[in-house]
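Open the model in a viewer and keep the sequence panel visible. The stops below say what to select and what is found there.

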Amino acid sequence: MKKLISILCAAVLALSMSVTAFAADTTIDQDSASKDGTMTVTYSNGDPTYTVTIPESVTVDGSSVKVTAEDVVLAEGNELNVTITATSEQDNSFKVRSNSGTGDDTLSYSVNSGSYILNSEVLTVDPASSSEGEVELSYTLDDGQTPKFSGTYSGTMTFTVSVDAK
């Protein structure tokens with residue numbers, strides 16, 4: 001009985017194995033009716049790649065920084081997007097906060113790219129037209145902003161990089 005069960009298990013195991021079938025090579029000789037042969041040619045460059053550089057800091061005094069994307073290689077139909085997704089303020093507003101005392105004083109600022117005031121979208125790179133991109137961002141205090149205290153005001157800004165369908 002054990003032998004029979006062993007043989008049946010071996011047979012089931014052998015039948016459940018997958019076998020890869022390869023197309024046969026084309027052989028052409030003087031007797032072949034067709035003198036044409038077809039071959040499949042493929043190239044695979046692996047996973048998408050890109051390098052995005054976001055500066056560590058900026059001063060809100062009209063100073064500028066560049067956000068860059070290089071070596072962008074993505075699947076066809078996709079684009080690389082860099083967006084501002086959060087700030088250190090609860091409402092994600094563009095503000096710097098006083099680092100002295102209670103930190104109750106805030107100053108609003110704007111992020112500009114040329115004459116365009118940014119809200120969230122910073123940079124888009126479509127690899128169908130270019131493998132790189134850059135944007136210069138300038139940071140300025142909004143009109144009428146006057147600090148109540150001397151010292152440093154600071155905050156953070158979070159950039160998110162995503163690969164999205166066009």
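Begin by colouring the protein chain by pLDDT: this is a predicted model, and its average pLDDT is 86. Of the residues, 86% score at least 70.

Next, select residues 12–21. Throughout this stretch pLDDT stays under 50, and the model gives these residues zero contacts beyond four places in sequence.

**The open sheet**

Now select β7, β3 and β10. These three strands form an open sheet in the order β7-β3-β10, with antiparallel pairing. Which strands stand at the edges? They are β7, residues 121–125, and β10, residues 157–165. Each has a single partner strand, so one side of β7 and one side of β10 are left without a neighbour in the sheet. Look along the sheet for its twist, which averages 20° from one strand to the next.

Strands of a sheet pair through backbone hydrogen bonds, either parallel or antiparallel. To follow the pairing here, keep β3 selected, residues 78–87. On one side, β3 pairs with β7 in the antiparallel sense over four bridges. Pick L80 and look across to β7, where V125 stands opposite.

Then turn to the pairing of β3 with β10. This one is also antiparallel and runs over nine bridges. Select N78 to find one of the matched positions: its bridge partner in β10 is A165.

**The largest pocket**

Switch to a surface view and go to the largest pocket, which has a volume of about 490 Å³. To centre the view, select S57, V58, V60, Y139 and G155; among the 27 lining residues, these lie nearest the centre of the pocket.

Which elements give two or more residues to the lining? Select them in turn: β2 (64–73), β4 (95–98), β5 (106–113), β8 (133–141), β9 (153–154) and β10. Stop at β8, which gives the most to this lining, with three residues. Strand β10 links this stop to the previous one, as an edge of the open sheet and a contributor to the pocket lining.

Last, colour the lining residues of the largest pocket by class. There are 17 nonpolar, seven polar and three charged residues.

How values were computed. Residues are numbered from 1 along each chain as its sequence is written. This is a predicted model: local features need pLDDT of at least 70, side-chain atom pairs count only at pLDDT 80 or more; totals for chains, interfaces and linings use all residues. Side-chain values use heavy atoms; hydrogens and water are left out. Two strands pair if DSSP finds at least two bridges between them. Axes are lines fitted to C-alpha atoms, for helices over the stretch in contact, and angles run from 0 to 180 degrees between N-to-C directions. On a 1 Å grid over the protein atoms alone, a cavity is a set of points where a 1.4 Å probe fits but cannot get out, and a pocket is an open set with protein on both sides within 12 Å along at least five of seven lines; lining residues have an atom within 4 Å of a point. Grid points are joined across faces, edges and corners, and a volume is the space filled by probe spheres set on the points. Ala, Val, Leu, Ile, Met, Phe, Trp, Tyr, Cys and Pro count as nonpolar, Asp, Glu, Lys and Arg as charged, and the others, Gly among them, as polar. pLDDT is the predictor's confidence in each residue, from 0 to 100. Contact means heavy atoms within 4.5 Å.
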